[in-house]
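The following exercises introduce a protein structure to a reader who has not met it before. Each task is followed by a solution in steps.

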Amino acid sequence: MEYITLGKIVGTFGIKGEVKVYSSSQFSSARYKKGNKVSLFNEKTKDIVTLTIKSYKSNKNIDIISFEEFNNVNDVEKFINYLVQIEKDSATLPTGYYHYSDLKMCNVYDEEDNLIGKVKDIEEYASYQTLRISRNKDKDVLVPFVKAFIKNVDLENKKIVIHVLEGLL
């Protein structure tokens with residue numbers, strides 16, 4: 001089973017068992033609806049706990065969530081640094097949106113079909129996401145993930161075609 005990471009628990013909030021999650025999802029309000037199931041995953045121990053969302057609110061880049069199973073800060077402290085994940089199959093997206101995990105490791109080409117490099121990471125900035133493209137012997141290049149630059153995304157063939165403006169590379 002494949003999972004999508006929504007964020008990472010970075011601390012507790014209050015005394016009623018709420019946690020602060022540094023978000024990596026654009027769709028937090030849909031993902032954290034009351035009654036939805038999420039999995040908490042410890043990268044070191046590989047421990048997985050499935051919990052039910054009780055409440056959600058957002059404060060800038062931090063999501064504050066609570067779980068039906070816990071009502072006390074002492075119960076959730078142990079989950080600090082756990083990843084919050086959902087099953088990929090349940091993470092539907094609107095047309096034109098992509099899971100970051102699907103974009104990573106895609107080959108990136110210019111419009112003349114010249115290989116530029118591979119998507120190494122997706123970085124979040126205030127107004128848009130940016131592809132970090134690693135190139136063999138050159139420095140990484142950053143390309144905004146907006147229509148002006150992204151011409152085609154073919155996930156089946158792991159290929160992204162971009163429009164290269166002068167000075168971009």
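**Exercise 1.** Determine whether Val141 is buried or exposed.

*Solution.* The model is predicted. Step one: the relative accessibility of Val141 is 5%. Step two: a residue is called buried when this value is under 20%. Val141 therefore counts as buried.

**Exercise 2.** Locate Val141 in the chain and list the residues that it touches.

*Solution.* Step one: Val141 belongs to strand S10. Step two: leaving aside residues up to four places away in sequence, Val141 touches Leu131, Arg132, Ile133, Arg135, Leu168 and Leu169. Step three: Met1 lies 140 residues from Val141 along the chain, and the C-alpha atoms of the two are separated by 32 Å.

**Exercise 3.** Classify Leu142 by its accessibility and state which surface patch it helps to make.

*Solution.* Step one: Leu142 is also placed in strand S10, which covers residues 141-144. Step two: the relative accessibility of Leu142 is 34%. Because partly exposed residues lie between the limits of 20% and 50%, Leu142 counts as partly exposed. Step three: together with Tyr125 and Tyr128, Leu142 makes a nonpolar surface patch of about 260 Å².

**Exercise 4.** Describe the protein chain as a whole through its secondary structure, extent and burial.

*Solution.* Step one: the chain has three helices and 12 strands. Step two: its C-alpha trace spans about 55 × 30 × 25 Å along the principal axes. Step three: of the 169 residues, 40% are buried. Step four: the chain exposes about 10300 Å², of which carbon and sulfur atoms supply 47%.

Definitions and conventions. Residues are numbered from 1 along each chain as its sequence is written. This is a predicted model: local features need pLDDT of at least 70, side-chain atom pairs count only at pLDDT 80 or more; totals for chains, interfaces and linings use all residues. Side-chain values use heavy atoms; hydrogens and water are left out. Helices (H or I, at least four residues) and strands (E, at least two) are DSSP runs, numbered from the N terminus. Buried means under 20% relative accessible area, exposed over 50%, partly exposed in between (1.4 Å probe, protein chains only). Accessible areas come from the Shrake-Rupley method with a 1.4 Å probe; for residues, only the protein chains shown count as cover. Patches are made of residues with over 30% relative accessible area and no salt bridge: like charges are joined within 9 Å, nonpolar side chains (Val, Leu, Ile, Met, Phe, Trp, Tyr) within 5 Å. A salt bridge is a side-chain nitrogen of Lys or Arg within 4 Å of a carboxyl oxygen of Asp or Glu. Contact means heavy atoms within 4.5 Å.
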